[in-house]
Amino acid sequence: MNLELFSAEDSDQDIEKKVNNLKFIDLFAGIGGFHLALSKLGAECVFASEKDKFARQTYEKNFDTKDFDFNDDIRKISGEQIPDHDILCAGFPCQPFSIIGNGKGFLYFRYFKTKKAKGFYFGECKTSDQT
């Protein structure tokens with residue numbers, strides 16, 4: 001299987017055609033930066049998760065969360081409960097090192113065992129109370 005979704009030669013229109021109709025999940029979503037970008041290109045969010053109360057409030061103002069499950073604690077569900085998707089978006093590398101993950105491991109691995117995404121987008125997030 002060719003996992004390359006985009007190439008350097010792709011025009012904006014080529015990228016939009018490739019992303020249109022793809023499904024994505026938005027883990028450790030913050031206020032939804034990945035969601036904004038992918039939905040503008042035509043991708044559909046099928047699941048999101050964010051624990052921070054204020055980030056959740058902003059996310060809910062930015063997006064219609066009635067269209068998908070907006071989870072508030074990824075640790076309380078299994079990988080099987082996450083809908084099938086093409087792209088996994090996630091705030092990275094925070095989970096293995098962050099105050100949310102208590103520095104106790106890599107939460108993504110339990111989802112990689114049950115779900116097979118075509119692509120991944122990772123971003124940064126808060127890593128400690130001092131940052």
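Two strands are said to pair if DSSP finds at least two bridges between them, and the strands themselves (E, at least two residues), like the helices (H or I, at least four), are DSSP runs numbered from the N terminus. This is a predicted model, in which local features need pLDDT of at least 70 and side-chain atom pairs count only at pLDDT 80 or more, while totals for chains, interfaces and linings use all residues. Residues are numbered from 1 along each chain as its sequence is written, and side-chain values use heavy atoms, with hydrogens and water left out.

A good place to begin is strand β1, residues 23–27, which is largely enclosed by the rest of the structure because 4 of its 5 residues are buried, where buried means under 20% relative accessible area, exposed over 50% and partly exposed in between, with a 1.4 Å probe and protein chains only. Strand β1 runs parallel to strand β2, residues 44–49, and 4 bridges join them; here Ile 25 stands opposite Phe 47, and Asp 26 stands opposite Ala 48. Strand β1 also pairs in the parallel sense with strand β4, residues 87–91, over 4 bridges, and in this pairing Ile 25 stands opposite Leu 88.

Moving on to strand β2, we find that 5 of its 6 residues are buried, which leaves the strand mostly covered. Strand β2 is joined by 3 bridges to strand β3, residues 69–71, and these two run parallel, with Ser 49 standing opposite Asn 71.

The helices can now be added to the picture. Strand β1, helix α2 (residues 33–40) and strand β2 make a right-handed β-α-β unit, right-handed meaning that, with the strands pointing away from the viewer, the path from the first strand over the helix to the second runs clockwise. Strand β2, helix α3 (residues 53–62) and strand β3 likewise make a right-handed β-α-β unit.
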